[in-house]
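Hi,

Here is the structure I promised to pass on. Have a look at it first, and my notes follow underneath.

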Amino acid sequence: MMEKQTNPNIQKSEERLKIIEKIKQYEKEGKFDQDVEDDPPTITLTPEKVDYLNEKLTSKAKNRFANRIGERFLNEIIENKQLIVKEIRGLENMEGLESGALITCNHFNPFDSFAVEEAFRNAKLNKKQKLFIVLREGNYTNFPGFYGFLFRNCNTLPLSSNKRTMVKFMEAADIILQRGDFILIFPEQSMWWNYKKPKPLKIGAYKIAARNNVPILPIFITMEDSNVMGEDGFYVQEYTVNIGKPIFPDENLTEKENLEIMKEKNAKVWKEIYEDFYKKPLEYTTITVSYTHLRAHETAANL
């Protein structure tokens with residue numbers, strides 16, 4: 001193993017340290033679905049402001065350009081070791097899918113979706129299928145600069161607080177899955193920086209999969225320190241992308257029964273991956289609340 005980089009001039013980011021403390025506090029309080037970082041203010045996304053399927057000529061052009069730029073950006077951050085994918089386990093579970101699928105993944109870093117995209121590329125699915133990523137509303141409507149451009153144009157499906165827009169979102173998701181493409185969604189809802197444990201799952205992802213009769217492909221990314229020191233004074237994490245076996249809906253069950261069962265199976269897969277990789281039981285500091293009973297925090301309307 002290579003010796004870790006050290007630089008006495010790089011101090012640990014005060015902002016990162018505050019985020020770590022906030023995560024500890026939120027875990028104790030059971031606020032698993034709340035973000036710990038300050039996101040840009042959310043501007044409501046109305047139906048006329050989004051073209052989910054890139055049907056307009058301008059949308060198609062921006063989408064092609066954004067995808068080329070995004071591909072180049074992914075290669076650069078891998079080369080510069082800003083993103084380190086150490087290993088992809090269970091790639092055969094992704095390669096073997098013959099239909100569209102809804103990918104679920106834990107959310108702990110702005111670059112975690114790129115790790116899933118790297119797995120998608122390794123499975124060579126990008127040659128014939130597309131991967132769409134579900135975004136929070138504010139990331140689409142009000143995120144500045146380069147990342148904002150990618151968020152708005154690079155095969156993304158933004159959520160919205162507007163009901164009419166969400167009708168369009170659901171219609172687009174149905175079409176995407178039925179034509180055999182993939183959708184990546186973060187069912188925990190919140191992003192906690194470098195948080196290693198799985199958080200409770202919202203029901204929306206499983207509702208979309210059940211209504212379209214497509215499988216859930218559960219991915220849980222585990223991490224460990226690399227030998228590369230980041231600008232924030234913390235070691236860049238090496239990711240192991242763990243791809244579980246697809247969770248198929250049961251044709252003998254109702255849609256409601258399927259979505260609940262698929263969600264529980266997903267939670268079980270994530271828990272098993274966590275405990276196998278880190279070699280310790282999954283435990284939380286939340287007072288009197290266990291992982292299997294955290295459904296009390298869930299809201300069916302949220303994704």
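Which residues lie nearest the centre of the second largest pocket? In this predicted model, they are Ile20, Trp193, Asn194, Tyr195 and Lys196, out of a lining of 16 residues. The space in that pocket comes to about 420 Å³.

If you want to know where the lining comes from, start with helix H1 (14-29) and strand E7 (235-243), each of which supplies at least two of its residues. H1 gives the largest share, with four residues. By character, the lining of this pocket holds six nonpolar, four polar and six charged residues.

The other thing I looked at is strand E2, which spans residues 101-105. How many of the residues of E2 are buried? Five of its five are, so the strand counts as mostly covered, with buried meaning under 20% relative accessible area. In a regular strand, side chains alternate between the two faces of the sheet. In E2, one side carries Ala101, Ile103 and Cys105, the other carries Leu102 and Thr104, and both faces are covered.

E2 also has strand partners. With strand E5 (residues 182-185), E2 pairs in the parallel sense over four bridges, and Leu102 has Ile183 as its bridge partner there. With strand E6 (residues 216-229), E2 again pairs in the parallel sense over four bridges, and here the bridge partner of Thr104 is Pro218.

Happy to talk any of this through whenever it suits you.

Best wishes

Definitions and conventions
Residues are numbered from 1 along each chain as its sequence is written. This is a predicted model: local features need pLDDT of at least 70, side-chain atom pairs count only at pLDDT 80 or more; totals for chains, interfaces and linings use all residues. Side-chain values use heavy atoms; hydrogens and water are left out. Buried means under 20% relative accessible area, exposed over 50%, partly exposed in between (1.4 Å probe, protein chains only). Two strands pair if DSSP finds at least two bridges between them. On a 1 Å grid over the protein atoms alone, a cavity is a set of points where a 1.4 Å probe fits but cannot get out, and a pocket is an open set with protein on both sides within 12 Å along at least five of seven lines; lining residues have an atom within 4 Å of a point. Grid points are joined across faces, edges and corners, and a volume is the space filled by probe spheres set on the points. Ala, Val, Leu, Ile, Met, Phe, Trp, Tyr, Cys and Pro count as nonpolar, Asp, Glu, Lys and Arg as charged, and the others, Gly among them, as polar.
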